[in-house]
Amino acid sequence: MKTVGIGILGCGTVGSGVAQELQERSSLLAERAGMVLELRRVAVRDLSRSRDVSFEEGVLTDDPRSVVADPSVDIVIELIGGVDLARELVLMALTAGKSVVTANKALLAEHGKELFAVAAENNADLFFEASVAGAVPIIKALREGLAGNQIQRIVGILNGTCNYILTCMEDGGTEFDVALKDAMEMGYAEADPSLDIDGGDTAHKALILAALAYNRFFDQSDIVVDGIRGIALDDLQYAAELGYRIKLLGVILQDGDQIAVRIHPALVPHGRMLASVTGSYNAVMVDGHLSGTTVFHGRGAGREPTTSAVLADVVDVVRNLSSGATGRLPVVDGTADHLSLRPIEDMRVRYYLRMELLDEPGVFAKISECLGSHGISISSVLQKSSVVDGFVPAIIMTHVAPEGAFCAALEELRPMDAVGDEVVSIRVEEFEEAE
Ligand code: HSE
C-alpha cells in the first residue's frame, strides 16, 4: 500500500486528538483511505509543553511554515486557529498544490472566497467538515447528499458551548459563569470563549453554511449576531413556564433573491426537534425543495467529535489523490451576486419581552398602548407577584411583528418611569418542520 505524508499545524485539543488517532488507528484509516497515513510533521506553539501524545524524533517543530514546506508532507491539517497566520499557511499549502483540511470557521467565514479560488487554481482540495457542528457531517450533506435541492431554510444549534451553558442553566439552575467554566474545562469552548457566548462562532458557521447553500459569502458585520450573555436564569424559567426552551440559533432563509442570515437566542417551543437538543450537542435542520426537512444531530464540540470530522476529510482527500479526483466537488466561489442579504428590519417574528414594571394601576395599559401604537399586538402576559422596590417582573409575549417596529417600541418603553432598568427581549422561533 502506498503512503501519504500528513502535517498538522497546531497540537491543542483537536490537533492532539487527530495525531493520536493517526498513530493508534493507522490500520483502520489505511483501510478506509486506501493508503497509509503517516504523520510526518506537527507544528506546536511551545515545544517544552507536556502533551498526552508522544512523537518520534524530528516530528515536532515550532515552525509551522517548515511543516507546510516539507516535501514529505502531502496533506496539511490546519488546526492552529486564528485567522492571519492560518490564512498565510493555508495559502502556502494550496499554492504548493497540497490539499488542506481545516476546522477553522473564522478563517473560512472571512477568507473563504479567496481560499477556495486558490485551491481550485492549484487543483488542491480544501475540506472543512470540522468547521461546522463537530462530528455532524453537515458539510458533506449539503455538498453531496442534498445537492439536488434548492435549499429553502437552514436552522441550526451550531455552538456546543452555548448549548451546554443553556442546558446547565435550564436543567440544573447552574449560574452562567459556572457553566461556562465547565464548558472550557471540557474542551468545548474556543481559546477566546467570547467568540462562543457572543455568537461570533455561530456566525462563522452560519456564514459557511450560507456560502455552501447559496454560493455567496456574506459579511459578518452585515448580519445580526446576538449571543447568550443577556440570558438570565429567570428567562429560562419563564420560557419553560410558557412552553419553550431557549436556544442560540443560526438562521438562514431564502426569500426570492434575498437571503436572511441571523444569529440570536430564540425561544423554541417544546416538542420541536431543536428544543430537545441538549448539552454540547448541535443540530442542523435543513429544508430542501425535494427533501423536505432533514435534521442532522450529534456532538458539536470537543476533541473526539471534531477529530472525527477532520479524519473524514483526510480520508476523502486521500481517496481523491489516489483516484486523481482532486477538485471533484463544486467550487464555492461566491459568485451568486444576484443574491443579497435581507435587511434585519424586515424580519417578522414573535417576541418574548421581560420587564420590571411598577406595581401600580394603569401601568399595563401604558405598555400595551405603546406596543399597539407601533402595530404590535400582545398575545399573552405573565406577571409574577414578587414585588421588589415596588417593581414586579412581567413577561409579554407578542404576536408576529416586524423587527423595526418592535425595536422602535422598545426605545419608547425603556425610558418610561413605570419600566425598570432591565428590559430583556428574545425572539421566538415557532418554525414548523416542513412536510
Ligand atoms: N467552540 C465551538 C463550540 C467548538 O462550542 O461549538 C466547535 O466548533
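**Exercise 1. Which residue in S6 stands opposite Val101?**

Before solving, some ground rules. This is a predicted model, where local features need pLDDT of at least 70, side-chain atom pairs count only at pLDDT 80 or more, and totals for chains, interfaces and linings use all residues. Residues are numbered from 1 along each chain as its sequence is written, and side-chain values use heavy atoms, with hydrogens and water left out.

*Solution.*
- Start with the labels: helices (H or I, at least four residues) and strands (E, at least two) are DSSP runs, numbered from the N terminus.
- Go to strand S5, residues 99–102, which runs parallel to S6 and is joined to it by two bridges. DSSP has to find at least two bridges between two strands for them to pair.
- Now look across from Val101: you'll hit Phe127.

**Exercise 2. Work out the strand order of the open sheet and find its edge strands.**

*Solution.*
- Walk across the six strands: S3-S2-S1-S4-S5-S6, with parallel pairing.
- At the edges you'll find strand S3 (60–61) and strand S6 (126–127), each pairing on one side only.
- As background, strands of a sheet pair through backbone hydrogen bonds, either parallel or antiparallel.

**Exercise 3. Describe what surrounds the ligand.**

*Solution.*
- Count the shell: 13 residues have a heavy atom within 4 Å of the ligand, and Lys105, Thr161, Tyr188, Glu190 and Asp196 are the closest.
- Sort them: four are nonpolar, four polar and five charged. Here Asp, Glu, Lys and Arg count as charged; Ala, Val, Leu, Ile, Met, Phe, Trp, Tyr, Cys and Pro as nonpolar; and the others, Gly among them, as polar.
- Check polar contacts (here, pairs of N or O atoms within 3.5 Å). Ligand oxygen atoms lie 2.7 Å from a backbone N or O atom of Gly160, 2.6 Å from a side-chain N or O atom of Thr161 and 2.8 Å from one in the side chain of Lys205.
- Then name the elements giving two or more residues to this shell: helix H7 (160–172) and helix H10 (200–214).

**Exercise 4. Where do you find Asn123 and Asp389, and what is the sign of phi in each?**

*Solution.*
- Asn123 is in the loop between helix H5 (105–121) and S6; its phi is positive, near 50°.
- Asp389 is in the loop between strand S15 (378–383) and strand S16 (391–398), with a positive phi of about 50°.
- For context, most residues other than glycine have a negative phi.

Terms used: Polar contact = N/O pair within 3.5 Å; in protein donor to acceptor, adjacent residues only side chain to side chain.
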